[in-house]
Amino acid sequence: MNSIQRIENLKFMQKRTAMQEALQPFMDTRLLTETLSLWEEKYSHLPTFALQHFLHEICQNKLLLAQRSKMLQALIRSLSALPDDVLESSKKNAPPQKAAVYVQKEKGQSPELSMFIDLVEGLIAFSARDIPEKIRLYVMENLPKAEIDTENRWAIHAWLDEERPLKEIALDVRSMQQVINLVYIALCEYLGPVKADAVLNTVLAIVQKKYPSMNANKLL
Amino acid sequence: MRWVHFFIAVFSLSVTQVSAAELSVMDLQASLNTAWVVLTGVLVFFMQAGFALVESGMARAKNSVNVIMKNYLDTCIGGIVFWAIGYGLMFGLNSSGWFGWSHFFPQDLTSWDWTFMFFQMMFAATSTTIASGAMAERIHFSSYLIGACVITGFIYPVFGSWAWGGAHGGEGWLKSLGFIDFAGSTVVHSIGGWVALAGIIILGPRLGRFGGDGKIRIIPGHNLSMVALGGFILWFGWFGFNAGSTLIANLDIGKIVLNTHLSACAGAVGYMLTVKLLDRPLLLTGTINASLGGLVGITAGCASMDPQFAIITGLIAGVITFVGPAFLASMKVDDVVDAVSVHAFCGVWGTMAAGIFYAGDLFDISRIAIQALGACSAFVWGFGTAFGVYYLIQLFVGMRSASLHEQRGLDFTEHAEIGYPEFQDIAVYDTDVMNSKR
């Protein structure tokens, strides 16, 4: 193991410890071990806002579902305490093929759709407390006003309601723009327009970094 | 007999010489008047730059170009509309007292009439542009311009004909009652402010300006240096605005300019004292708006008030510019630049002050009542007609920009041009799309 690998490994361990500390109060040792294994396998290489995916997956357990927002807060608190370079290293850590497979497997074929999903989930997950839930509700309530065909609208609704992932649908850029705009309006409503602009810029920058060959701006 | 002829000849010659001298003095006075009014008209035109800077600076960077474009084009289109229709409605033969009915599309006027029209055209542009800042960041550009045409061609000149009308015969009904509005606290500023109020009520607030929990969120402007420079330019132009309203280059100008300056100073001081008393921060935007409020306030009575009362007028206007925005925000009315408080509220105060502090006849109840009647009729006419006009525009054209446009900013969506391309947030524009638009 060379020195770079050693540093990366150390950063990964720091992040894992932070996850462990945050989740410990909510589950027993066995469940915690399983949860951390899941995180290591599927989420450790993803940006912080993928925590929403992670929580969605582990909260299939109804006992945990009630604690979801508290767990999210604990995770954000714990991860925020880490130095920035530790959080950034997670992406470098992951083999690129693994990320690509994940996107392919979980989110459908279109890279634009993957980018859209990351953008929306990033925007929703960026704020703390109960705001992500409020944003989801706002977007779901206002989806009928958007000019999106019925089938796709139901698919987006189910995805936002965390019933099933969004995959294998043909969503055009115009529809994606409308959904993102609804999220932006909700951000303005709950965080204020100044913070909403800042969140949009930050998340867009993160997503753009993840998809360097594409233009994330097209979705806005 | 020869001596008699000689004396008659000398007398005739001296009479002719006196007449010629008198004529040349009159010519000189007319030329001076023309030069003075044109010069002050140019100063009033320069106020458009001040409005553009203040309003653009108080808007977010992603809407800065749009705000300036509104200021620029309402002057251009408004100028033509005022020449074609507005001037006739405002200053044409006013036999009914309610509007003028001659001099539309004027082509054959005297030299002085052209000068007068130029000066009044600049006033019309000022009244029209007041609404642009209030409605910034969320109005369709084309809808704004339609509204600007109606203001310049109908709302402003009709009210103007009541208070100032009759340059070509007849007299406006307010003017005949003795209504005092020397340079337009009501005619120009209150009308502009009430139109702005109607516009922002129809438009609704910007996204997220007021939280669901009733929280009022500040949306800071992108460049306060521009706001400050704009404030100075407006102040500078206001000397022309008020002193040019004499329409003659006479000895009254000095006092008018002095009153104008004192009131602007007192406006800022009044605001400063208010925030210090209430232990609130002393804001640059608030201070500049307070000076502008002082200027609006003194506009009606700058020629008929003593300097100490100009100071009192300004001080109270400064307080109004602090209280007004808070009141409107509590009513969930989103005025980006506080134009309603500065122009409408301070305009009403200034109109009342012109009656209250009339030099040599202070606190005359009948004069104050006429002033109140003028201010109220400006509200009823300005707000009422503008509300109707904007409602119709909303119905048939659409007033409010799409939320997607608000997200990206109106610079990109309305003009395909960016105020600060090197520094703008990445969420604002896509270079490929911008290139395809142009």
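**Figure 1. Two packed helices in chain B of this predicted model.** Let us begin with a helix pair: α2 (residues 64-91) of chain B packs against α4 (residues 141-163) of chain B at an angle of about 35 degrees. The axes of these two helices lie 8 Å apart. If you follow how α2(B) passes α4(B), you will find a right-handed crossing. The residues that make up the contact of α2(B) with α4(B) comprise 16 nonpolar, seven polar and two charged ones. As a reminder for this view, a pair of packed helices is described by the angle between the axes and by the distance between them.

**Figure 2. Chain B, the setting of that helix pair.** Stepping back from α2(B) and α4(B), we meet a chain with 15 helices and zero strands. Chain B has a radius of gyration of 24 Å, close to the 22 Å given by the globule rule for 438 residues, so chain B is as compact as a globular protein of that length. The C-alpha trace of chain B spans about 100 × 55 × 40 Å along its principal axes. Of the 438 residues in chain B, 55% count as buried. How do the contacts of chain B divide by separation along the sequence? Among those between residues at least 6 apart, 78% join residues at least 24 apart.

**Figure 3. Chain A, with its run of helices.** Here you can count twelve helices and zero strands. Read from the N terminus on, the elements of chain A run α-α-α-α-α-α-α-α-α-α-α-α. What share of the 220 residues in chain A is buried? Buried residues make up 35% of them. Turning to contacts within chain A that have a separation of 6 or more, residues 24 or more positions apart account for 69%.

**Figure 4. Where chain A meets chain B.** In this last view, 19 residues of chain A are in contact with 17 residues of chain B. Which elements of chain A give two or more residues to the side that touches chain B? They are α11 (173-191) and α12 (193-210) of chain A. Helix α12(A) gives the most to this side of chain A, with eight residues. Sorted by class, the side of chain A that touches chain B holds ten nonpolar residues, together with six polar and three charged ones.

Key: Residues are numbered from 1 along each chain as its sequence is written. Chains are lettered from A and ligands numbered from 1 in the order in which they are written. This is a predicted model: local features need pLDDT of at least 70, side-chain atom pairs count only at pLDDT 80 or more; totals for chains, interfaces and linings use all residues. Two residues are in contact if their C-beta atoms, placed from the backbone, lie within 7 Å. Helices (H or I, at least four residues) and strands (E, at least two) are DSSP runs, numbered from the N terminus. Ala, Val, Leu, Ile, Met, Phe, Trp, Tyr, Cys and Pro count as nonpolar, Asp, Glu, Lys and Arg as charged, and the others, Gly among them, as polar. Axes are lines fitted to C-alpha atoms, for helices over the stretch in contact, and angles run from 0 to 180 degrees between N-to-C directions. A crossing is left-handed if the near helix is turned anticlockwise from the far one by less than a right angle, and right-handed if clockwise. A residue is buried if 20 or more other C-beta atoms lie within 10 Å of its own, exposed if 12 or fewer, and partly exposed in between; C-beta atoms are placed from the backbone. The radius of gyration is taken over C-alpha atoms; the globule rule is 2.2 Å times the number of residues to the power 0.38.
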